[in-house]
Amino acid sequence: MTDEEPRASAPEVVAGLGGTLSKGARVRAVGALVVGLAGAVFVAALWWTEPGPLPVPTQLAFGLLTLVCLAWATYGTWLLRSRVPLFATDRVVAAWIGLTASVLVGGLLIGTVAQRGTATGTWGVIATVAALVAVSTVLVVRAHARRAALLRRERALSGDDPSPGAPR
């Protein structure tokens, strides 16, 4: 490309990407929506059909699991409604949903097992929750790094990048 040729601005490049999500992104969005709704209905049905009153921690667990499922359904709906390239914002949101769910449900599990279980069972649950939280944390960091890289690329393409050596 020579200096005489006009360069497309970042908004023009993004506009040229099309107004729809890729097939894979649509499938993931529909999957998150359907599985989230199905999970919420399943957990809520279990909760509502219990024959007697449940202890408060059990009610808290059912409510928390229902909220996690609804969060995934909301995420799938948001993806389907956005219909545009999101510069990896969707990955950041999904990673944070996963980390939040891991921490909240894991904390509830650890508290329940510590109250009722044996030392061996408690350490097994703690190890499992720690592994889930570690994986979720790695996914959050990777999602933020990917989004930052895409935003740097957008700034470089639009000529707004103040870093040395950036194309002008």
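Which residues in α3 meet which residues in α4? In this predicted model, the α3 side of the contact is formed by Pro57, Leu60, Ala61, Leu64, Leu65, Val68, Ala71, Trp72, Tyr75, Trp78 and Leu79. Facing them from α4 are Thr89, Asp90, Arg91, Val93, Ala94, Ile97, Gly98, Ala101, Leu104, Val105 and Leu108. Sorted by class, the contact of α3 with α4 has 18 nonpolar residues, two polar residues and two charged residues. Asp90 and Arg91, both on the α4 side of the contact, belong to the charged class.

It helps to step back and look at the chain as a whole. The chain contains five helices and zero strands, so that, in the order read from the N terminus, its elements run α-α-α-α-α. Of the 168 residues in the chain, 26% are buried. The surface that the chain exposes comes to about 11000 Å², and 68% of this area is supplied by carbon and sulfur atoms. Contacts can also be sorted by how far apart the partners are in sequence. Among the contacts in the chain with a separation of 6 or more, 68% are between residues 24 or more positions apart.

How do the helices lie against one another? Two packed helices are described by the angle between their axes and the distance between the axes. For α3 and α4, the axes come within 11 Å and cross at roughly 175°. Because an angle over 145 degrees counts as roughly antiparallel, α3 is roughly antiparallel to α4.

Helix α3, which spans residues 56-82, also packs with helix α2, residues 23-48. Here the axes come within 7 Å and cross at roughly 155°, which means that α2 is roughly antiparallel to α3. The crossing of these two helices, α2 and α3, is left-handed. In the contact of α2 with α3, 19 residues are nonpolar, seven are polar and one is charged.

Further along the chain, helix α4 (residues 89-116) packs with helix α5 (residues 119-158). Their axes are 8 Å apart and the angle between them is about 165°, so α4 is roughly antiparallel to α5. This crossing of α4 with α5 is left-handed. The residues of the contact of α4 with α5 comprise 17 nonpolar, nine polar and three charged ones.

Two residues, one in each of these helices, give a closer view. Gly107 lies in helix α4, and its C-alpha atom is 8.0 Å from that of Val129, although the two residues are 22 residues apart in sequence. Is Gly107 buried, exposed or partly exposed? Gly107 has a relative accessible area of 42%, so Gly107 is partly exposed. Ala145 lies in helix α5. Along the chain, Ala145 and Val92 are 53 residues apart, yet their C-alpha atoms are separated by 9.3 Å. With a relative accessible area of 45%, Ala145 is partly exposed, because partly exposed covers values between the buried limit, under 20%, and the exposed limit, over 50%.

Key: Residues are numbered from 1 along each chain as its sequence is written. This is a predicted model: local features need pLDDT of at least 70, side-chain atom pairs count only at pLDDT 80 or more; totals for chains, interfaces and linings use all residues. Side-chain values use heavy atoms; hydrogens and water are left out. Axes are lines fitted to C-alpha atoms, for helices over the stretch in contact, and angles run from 0 to 180 degrees between N-to-C directions. Helices (H or I, at least four residues) and strands (E, at least two) are DSSP runs, numbered from the N terminus. Angles under 35 degrees count as roughly parallel, over 145 as roughly antiparallel, 65 to 115 as roughly perpendicular and the rest as oblique. A crossing is left-handed if the near helix is turned anticlockwise from the far one by less than a right angle, and right-handed if clockwise. Buried means under 20% relative accessible area, exposed over 50%, partly exposed in between (1.4 Å probe, protein chains only). Contact means heavy atoms within 4.5 Å. Accessible areas come from the Shrake-Rupley method with a 1.4 Å probe; for residues, only the protein chains shown count as cover.
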